[in-house]
Amino acid sequence: MNLKIVEYPDKKLREKSVKVEKFDEELHKLLDAMYPVMINTNGIGLAAIQVAHAKQVLILNIPDENDEQSEDNLIEMVNPVITNETGETTYQEGCLSVPSFYEDINRSEVVTVNYQDRDGNTKTVEAHGLLSVAIQHEIDHLNGVLFVDKLSYSRRKKFEKEYKKFQKERNTTKK
Ligand code: Y12
Ligand code: CO
């Protein structure tokens, strides 16, 4: 499966992802193909819509205390739903679909998430810290929401201007 990251402002990123009903080989192939895309681009989280598949699927691989990513810590979530959220936190977020931009975003501090694994088994996790923030960021993707949508009017304006400049510069330096 050849997957390519969809980048802002592509309208595909605004699609609402559909609930997964079949936990079959096609789902497994998608999950397997998403992992190298995320790792090879230094990502810690990736939703299926970011590789043009509108399914309620996301993967996360949070670096350990030595700042290393291990496949042992890979979390695959299918049909995730936040069932409880408490507190507030601010984290500087980035997104593989919005390359080169990092912004402080306010989120819930702790979230409880119900989801299914690749075989359809039901799981629950209570997430804190970066895992909590990354889960909220990725679940937003399943609803067509991007972290830049959460910026104030003035920060969003500034972002749009800088992003256009970034895209232009990248296109002129492309071989
Ligand atoms: C805070 C909240 C949520 C997340 C999870 C999703 N974001 C990422 O995994 C972002 C990765 C990222 C990687 C980049 O590096 C490359 O593309 C090589 C990057 O830099 C550039 O685009 C130049 C930007 C974002 C994470 C944190
Ligand atoms: Co993202």
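**Metal and ligand sites in a predicted model**

User: Happy to look at this predicted model with you. What makes Cys95, His137 and His141 donors of the cobalt ion (ligand 2)?

Analyst: Their SG, NE2 and NE2 atoms, in that order, lie 2.1 to 2.2 Å from the cobalt ion (ligand 2). A donor is an N, O or S atom within 2.8 Å of such a metal, so these atoms qualify. Water is not among the atoms, so the site may look incomplete.

User: How are these donors spaced along the chain?

Analyst: They follow C-x41-H-x3-H. Cys95 is in the loop between β4 and β5 (102-107) and His137 is in helix α2, so to speak of distant parts of the chain is fair: the two are 42 residues apart.

User: Now ligand 1. What makes the approach of Gly94 to ligand 1 a polar contact?

Analyst: A backbone N or O atom of Gly94 lies 2.9 Å from a nitrogen atom of ligand 1. The cut-off for a pair of N or O atoms is 3.5 Å, so the pair counts. Oxygen atoms of ligand 1 also pair with polar backbone atoms of Thr41, at 3.2 Å, and of Gly45, at 3.4 Å. The protein covers 78% of the 610 Å² of accessible area that ligand 1 has on its own.

User: Which elements give two or more residues to the shell around ligand 1, and which gives the most?

Analyst: Those elements are β4 (89-94) and α2 (129-142), and α2 gives the most, with 5 residues. In total, 18 residues surround ligand 1, and Thr41, Ile44, Gly94, Ser100 and Tyr102 are the closest. The shell divides into 9 nonpolar, 7 polar and 2 charged residues. The space that ligand 1 takes is the largest pocket.

User: Why is the peptide bond from Tyr8 to Pro9 called cis?

Analyst: Its omega is near 10°. Most peptide bonds are trans. Pro9 is found in the segment before α1 (25-40).

User: And what is the phi of Asp67, positive or negative?

Analyst: Positive, near 65°, and Asp67 is a residue other than glycine. Most residues other than glycine have a negative phi. You will find Asp67 in the loop between β2 (57-60) and β3 (75-86).

Terms used
Residues are numbered from 1 along each chain as its sequence is written. Chains are lettered from A and ligands numbered from 1 in the order in which they are written. This is a predicted model: local features need pLDDT of at least 70, side-chain atom pairs count only at pLDDT 80 or more; totals for chains, interfaces and linings use all residues. Side-chain values use heavy atoms; hydrogens and water are left out. A residue is near a molecule or strand if one of its heavy atoms lies within 4 Å of it. A polar contact is a pair of N or O atoms within 3.5 Å; within protein, one must be able to donate a hydrogen and the other to accept it, and residues adjacent in sequence count only if both atoms are side-chain atoms. Accessible areas come from the Shrake-Rupley method with a 1.4 Å probe; for residues, only the protein chains shown count as cover. On a 1 Å grid over the protein atoms alone, a cavity is a set of points where a 1.4 Å probe fits but cannot get out, and a pocket is an open set with protein on both sides within 12 Å along at least five of seven lines; lining residues have an atom within 4 Å of a point. A molecule sits in a cavity or pocket if more than half of its atoms lie within 2 Å of its grid points. Helices (H or I, at least four residues) and strands (E, at least two) are DSSP runs, numbered from the N terminus. Ala, Val, Leu, Ile, Met, Phe, Trp, Tyr, Cys and Pro count as nonpolar, Asp, Glu, Lys and Arg as charged, and the others, Gly among them, as polar. Donors are N, O and S atoms within 2.8 Å of the metal (3.2 Å for Na, K and Ca); water is not among the atoms, so sites may look incomplete.
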